[in-house]
Every structure is written in structure tokens, then in C-alpha cells.
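Please walk through this structure with me, beginning with its charged pairs and going on to its helices, its domains and one of its loops.

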Amino acid sequence: MIKTVIFDMGGVIITLDESEAGKRFIELGMKEFAEKMDPYKQVGLNGQLEEGKISEEEYRREVCKKIGREVTFEELQHCWLGYMKEIPERNLITLRNLKKQGYRLILLSNTNPYVSAWVDSEAFSADGHPIGDYFDAMYRSYEVKYMKPDENFFRYVLSQEKIMPEECLFIDDGPRNCCAASELGLFTYCPQNGEDWCDKIYEHLK
């Protein structure tokens, strides 16, 4: 019986637009970032940021060195938020309904401080609710120092939450991430980026 639903953020809760993010990094002078961007797991300097190996300030300083000028937090955040195409209201409504129905909702995301500063603010939703209002717990890669599809990320969440994998449904648009979760015994559902999963999710909760 499924008691806990674990959600990915980008590609599931938020529809992603990788091309817009790449465009913004190029405009900033970081063409190499645009060429190496990955919607599932970042690499290079971006990967170090999202895995928590370097801080936001260390990341900013490295970018400044690469492009030869001072870059602000806001400029870098603008680039990262290029990924965020839209947040379908149906997704947020479904999250609220799932909580009312008694499911424990967990966010498990490969992300970084630039994106978190936005999703943790009132700007996240049209009615002024930060993303944390929709979840019982949130686990972010740069905070826990793991990135999907590393099985240790999943093991960490299971341990912290004291939950059994067979009682969890994991939803992620990344096939490799779902495969890693499945190998640990979690049930998985892998919708495509931007797909309407709000009705289909209930087929996986039966």
C-alpha cells in the first residue's frame, strides 16, 4: 500500500525549458555552460554546485573568473530560472488533494540555491505559496550532498523518513532516476517533461 509519494521538481511539478536556460547562459557569456546543460543531472561547475561541493558564493566567483567581470546573484538566478517554463495549476491542486487524502508528500530534487531561492518564495505560485507549503518534507541535492540517480540519495531519504521502499511511489521524468529508485524497491512513474500526470498518478496509487 502506497503511503508516501516522492516527487521530482523540474519536469514534474515545473515544466522545464532547457533551451531558454541555455540562451540566458550564452547571453551572460557562458556558452560552455549552455553546451553542457542537462535537465536531469548537471556536470562540471554546475554539477559541483548542485551536489553541494561548492557554495553559491564559490560558484559565483568561479563564473566571474570565467567571463572576466563581476556577476551578481540576480544575474545567475535569471539564467537558472530560464529552465522554469511554467507551473501548471493542476499540479498544485493535485498536490493539495493528495495531502488531504492522507498521503505524505516528499520533494526530492537535483537543484541549487538559485532555484531554491525562487521556489521558496511567494513568487512560486499564483496565490503566493512557496513550494514547501505543498510538501511534508523536501530533500535537495546541494543540501544533502547527493544527486540522482545516486542510490545513496534515495537511501538517505528512506532512512530520514523511516519509510519502507515498497510503500513509496517515486515520480520523476528521468528514466535513469526511476530505474535507480526501482532497483531499491520503490514503485515508480516516469511521465515526460510537462506531461499531465494528475489523473494518471492515481493508477499508480491503487
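A search of the whole structure, which is a predicted model, returns 19 salt bridges. Side chains of opposite charge can pair when their charged atoms come close. One of these pairs joins R24 and E20, whose side chains meet in a salt bridge with an N to O distance of 2.9 Å. Both residues belong to helix α1, where R24 and E20 are four residues apart, about one turn of the helix.

R24 also leads on to the packing of helix α1. Two packed helices are described by the angle between their axes and the distance between the axes. For helix α1, which covers residues 18-28, and helix α5, the axes come within 7 Å and cross at roughly 145 degrees. On the α1 side the contact is made by A21, R24, F25 and L28, which meet E75, L76, H78, C79 and W80 of α5. Sorted by character, the residues of this contact of α1 with α5 comprise six nonpolar, one polar and two charged.

Helix α5, residues 73-80, packs against helix α4, residues 56-67, as well, here at an angle of about 90 degrees and with the axes 11 Å apart. Because angles of 65 to 115 degrees count as roughly perpendicular, α4 is described as roughly perpendicular to α5. The residues that meet are E56, Y59, R60 and V63 from α4, and F73, L76 and W80 from α5. In this contact of α4 with α5 there are five nonpolar residues, no polar ones and two charged ones. L76 and W80 of α5 thus appear in the contact with α1 and again in the contact with α4.

On the scale of domains, the assignment for the protein gives domain 1 as 4-14 + 86-205 and domain 2 as 16-82. Their C-alpha centres lie 23 Å apart, and the contact between them takes 22 residues from domain 1 and 17 residues from domain 2. Between them the two domains bury about 1,700 Å², with 62% of that area on carbon and sulfur atoms. Within domain 1, the residues that lose the most area to domain 2 are N112, Y114 and M147, which together account for 43% of what that side buries. How many salt bridges does the rule find across the interface of domain 1 and domain 2? The rule finds zero across that interface, although the search of the whole structure gives 19.

Finally, the loop between α8 (141-144) and α9 (151-161) contains P149, and the peptide bond leading from K148 to P149 is cis, with omega near 10 degrees. K145 lies in the loop between α8 and α9 too, and its phi is near 70 degrees, a positive value in a residue other than glycine.

Notes:
Residues are numbered from 1 along each chain as its sequence is written. This is a predicted model: local features need pLDDT of at least 70, side-chain atom pairs count only at pLDDT 80 or more; totals for chains, interfaces and linings use all residues. Side-chain values use heavy atoms; hydrogens and water are left out. Axes are lines fitted to C-alpha atoms, for helices over the stretch in contact, and angles run from 0 to 180 degrees between N-to-C directions. Helices (H or I, at least four residues) and strands (E, at least two) are DSSP runs, numbered from the N terminus. Angles under 35 degrees count as roughly parallel, over 145 as roughly antiparallel, 65 to 115 as roughly perpendicular and the rest as oblique. Contact means heavy atoms within 4.5 Å. Ala, Val, Leu, Ile, Met, Phe, Trp, Tyr, Cys and Pro count as nonpolar, Asp, Glu, Lys and Arg as charged, and the others, Gly among them, as polar. Domain bounds come from an automatic or database domain assignment. Buried area is the accessible area (1.4 Å probe) that two parts lose on being put together, summed over both. A salt bridge is a side-chain nitrogen of Lys or Arg within 4 Å of a carboxyl oxygen of Asp or Glu.
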